[in-house]
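Reader: I would like a close look at a single part of this model, the sheet. Please go through how its strands are arranged and what lies across them.

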Amino acid sequence: MNKLVISAASAVTDADLATAKMGSRFGRMDLLSQLALLSVESLGIEFQTMDCSRIGVCMSVCAGSLATDIQYWKGQREVCGPSPTLFAYTLPSSAIGEIAIRYRLTGPNLCFVGSDAVLIPEARDLIERNEADGCICVACNVITAAASELIGIPPKAQARAAFLMRGANGFALAENHRDMESVCALACAGEFARNSAR
Amino acid sequence: MCVSTNELKEKIIESLRLQDVTPEQIEDEAPLFGTGLGLDSIDALELVVMLEKHYGIVIKDIEEGRPAFRSVRTLAEFIEAKQPAK
């Protein structure tokens, strides 16, 4: 049986959103969903060529939907109340829904609030239990200024994505590749080495 | 007050935060939901809020609003019929 590899990895920040061409509905999403979706799009994988019922999504969100929750509650003071659209994003896992809709994925999904260290092991587990052939891992760190004030963590807006699957084409995971930063670094280093060899 | 369909399209684009869509691309008679502009149920709620915020029209019964949300044209006619005479 083929080993588990990372076939692609990506990292995006809010600076990348301005130039993103993601369709007319992208604008209504909250920052977390936009970054999550853009990071998956940046993987450059054609998911429609795969069995979409066998592709899972594992996502971690460092502060849940806190940034959007604050925005929503501030909206209570506005005329006619907060945006109904915003309410849909007060669920930390809503970005998984956006990813599933865009790529028509119907495989299993998991959402974790907190560290991204669980992502790769959980994705690996999904594949090894034969619940999925591949798994998109997305780690989102969205701390707006208002959220930062509340929880004392510096503001941040970034997402990292990686696609874990069985195969020969990709970067083999080692035991120390547990968090998304090291996985993305592995993929970047591998890409660099591959491009340098050409 | 006569409601301009162009102005209404701008308000729809703004309230639904539609990216890369211009008023010219939205046809007066095209369906707002499903085909056409492809809006969904959350967009419907957003449009209800937009009607209240910009035109002072409160839709209490969704059945009342359903025919109005067929197209930009029907929505403009609905606003015109509902707005108090000035």
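Author: What follows describes the sheet of chain A and the helices on it.

The model is a predicted one. In chain A, six strands form an open sheet with mixed pairing, and their order is β3-β2-β4-β5-β1-β6. The two edges are taken by β3 (109–113) and β6 (171–172) of chain A. Each of these strands has a single partner strand, so one side of each has no neighbour in the sheet.

Further in, strand β1 (residues 4–13) of chain A runs antiparallel to strand β5 (residues 156–166) of chain A, and nine bridges join the two. To find one place in this pairing, start from A8(A): its bridge partner in β5(A) is F163(A).

Two helices of chain A can be placed against these strands. Helix α4 (residues 94–103) of chain A lies across β2 (55–61), β3 and β4 (134–143) of that chain. The direction of α4(A) is at about 150° to β2(A). Helix α5 (residues 119–128) of chain A lies across β1, β2, β3, β4 and β5 of chain A. With respect to β4(A), helix α5(A) runs at about 160°.

Chain A also has a neighbour, chain B. Ten residues of chain A are in contact with twelve residues of chain B. On the side of chain A that touches chain B, five residues are nonpolar, four are polar and one is charged.

Notes:
Residues are numbered from 1 along each chain as its sequence is written. Chains are lettered from A and ligands numbered from 1 in the order in which they are written. This is a predicted model: local features need pLDDT of at least 70, side-chain atom pairs count only at pLDDT 80 or more; totals for chains, interfaces and linings use all residues. Two residues are in contact if their C-beta atoms, placed from the backbone, lie within 7 Å. Ala, Val, Leu, Ile, Met, Phe, Trp, Tyr, Cys and Pro count as nonpolar, Asp, Glu, Lys and Arg as charged, and the others, Gly among them, as polar. Two strands pair if DSSP finds at least two bridges between them. Helices (H or I, at least four residues) and strands (E, at least two) are DSSP runs, numbered from the N terminus. Axes are lines fitted to C-alpha atoms, for helices over the stretch in contact, and angles run from 0 to 180 degrees between N-to-C directions.
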